[in-house]
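Have the sequence and the 3D view open side by side, and let's take a walk through this one. We'll go from strands to cores, then on to rings, cysteines and a few single residues.

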Amino acid sequence: PAHTSTMQNRMLKKHKSNLDKSRPIAVLIPDRVFRNEDLDARHEHTFYQHEGIYVDKGAHAGMLIATLKTFFQSYYGKELEAKTQPFYFPFTEPSFEFTTTCVFCDKKGCNICSFSGWIELGGCGMIHPNVLKMAGIDPNVHTGFAWGFGIDRPVMLKYNIEDVRHFESGKLEFLRQFK
């Protein structure tokens, strides 16, 4: 599903003038999204996602990975290893799933990471040339990357919340712990 990716075209068109001034397009898009999902402790049909878009001359996948790794290391306050694995998303090519070492067990394996030592945090990739073209940006001159991550999963990991369904439950005892 596209979730917030449908906003890429609007944001690229809106901020295209940045490129004419030799400035990048750098946008974060938060939104509530819905998907057909089998519910369990780590999957919910309703959640919040943030999409990031960065376009400039010479933007490449290494910059994407470094940006995401830097963010998550800062967010969790610890060094993390990062890796990507190929995946398919319709608005990026190549596309990846972004994974970091488990913030709880540091790759030893635990219930949170299904004993793999790694946690998949979201999808990302290089913005497809056709997406750039549709926004009036020449993909031979400018390249870009994008990511879309649920906000709930990183919060779950940071605050040791065992079930994503708590976020939409409306239970006051859950909410009161975050005074």
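**Starting with a hairpin**

Strand 3 and strand 4 make a hairpin, with four residues between them. Keep in mind as you look that this is a predicted model. Strand 3 covers residues 82-87, and its pairing with strand 4 is antiparallel, over six bridges. If you want a spot to begin, try Ala 82: its bridge partner in strand 4 is Thr 100.

Now move over to strand 2, residues 46-56. How many of its eleven residues are buried? Eight are, so you can think of strand 2 as mostly covered. Strand 2 pairs with strand 1, residues 25-34, in the antiparallel sense, and ten bridges hold that pairing. Strand 2 also runs antiparallel to strand 6 (residues 143-150), joined to it by eight bridges. You can pick out one place where strand 2 meets strand 6 by finding Asp 56, which stands opposite Thr 143.

For the pairing with strand 1, a handy marker is Arg 32. This residue is found in strand 1, and it stands opposite Tyr 48 in strand 2. The two are 16 residues apart along the chain, but their C-alpha atoms are separated by 4.3 Å. Is Arg 32 buried, exposed or something in between? With a relative accessible area of 36%, Arg 32 is partly exposed. Leaving aside neighbours within four places in sequence, Arg 32 is in contact with Thr 46, Phe 47, Tyr 48 and Glu 168.

**Into the cores**

Here's some background for the next part: in soluble globular proteins, nonpolar side chains tend to be buried together. In this model, the largest nonpolar core has 21 residues. Leu 64, Leu 68, Phe 72, Cys 124 and Trp 147 are the ones with the most contacts inside it. Which elements give two or more residues to this core? They are helix 3 (61-76), strand 4 (92-101), strand 5 (118-127) and strand 6.

Leu 64 is a good place to stop and look around. Apart from its neighbours within four places in sequence, Leu 64 is in contact with Phe 96, Cys 124, Gly 125, Phe 145, Ala 146 and Trp 147. Another core lies apart from the largest one; it has 14 residues, including Ile 25, Val 27, Ile 29 and Val 131.

Helix 5, residues 152-159, has its own covered residues: Asp 152, Pro 154, Met 156 and Leu 157 are buried. What covers them includes strand 2, helix 3, strand 5 and strand 6. Just after helix 5 comes Asn 160, whose phi is positive, near 55 degrees.

**Rings and charges**

Aromatic rings are worth a tour of their own, since rings count as a pair when their centres lie within 6.5 Å. There are 13 aromatic pairs in the structure. One of them joins Phe 174 and Phe 178 edge-to-face, at 5.4 Å centre to centre and with 70 degrees between the planes. Phe 174 counts as buried because its relative accessibility is 8%, whereas Phe 178, at 37%, counts as partly exposed. Elsewhere, ring pairs link Phe 71, Phe 72, Tyr 75, Tyr 76, Phe 98 and Phe 149 into a cluster.

Tyr 75 has another partner to look for: Lys 158 lies over the face of its ring, at 4.3 Å from the ring centre. Lys 83 is placed over the face of Trp 118, also with 4.3 Å to the ring centre.

**Cysteines without a bond**

How many disulfides does the structure hold? Zero. Take Cys 105, which is in no disulfide: the nearest cysteine sulfur belongs to Cys 102 and is 3.7 Å away. A disulfide needs the two sulfur atoms within 2.5 Å. For Cys 110, the closest cysteine sulfur is likewise that of Cys 102, and because the distance is 3.7 Å, it is too far for a bond. Cys 105 is buried, at 8% relative accessibility, and Cys 110 is buried too, at 15%.

**One last stop**

Finish at Asn 18, which is found in helix 2, residues 16-20. Asn 18 has a relative accessibility of 14%, so it counts as buried. Setting aside neighbours within four places in sequence, Asn 18 is in contact with Arg 23, Pro 24 and Ile 25. You've already come across Ile 25, among the residues of the 14-residue core.

Terms used: Residues numbered from 1 in each chain as written. Predicted model: local features only at pLDDT ≥ 70, side-chain atom pairs only at ≥ 80, totals over all residues. Heavy atoms only, no water. Buried < 20%, exposed > 50% of the residue type's maximum accessible area, 1.4 Å probe, protein only. Pairing = 2+ DSSP bridges. Phe/Tyr/Trp six-rings, centres within 6.5 Å; stacked < 30°, edge-to-face > 60°. Lys NZ or Arg CZ within 6 Å of the ring centre and 35° of its normal. Contact = heavy atoms within 4.5 Å. Core = buried A, V, L, I, M, F, W, Y, C linked by side-chain atoms within 4.5 Å.
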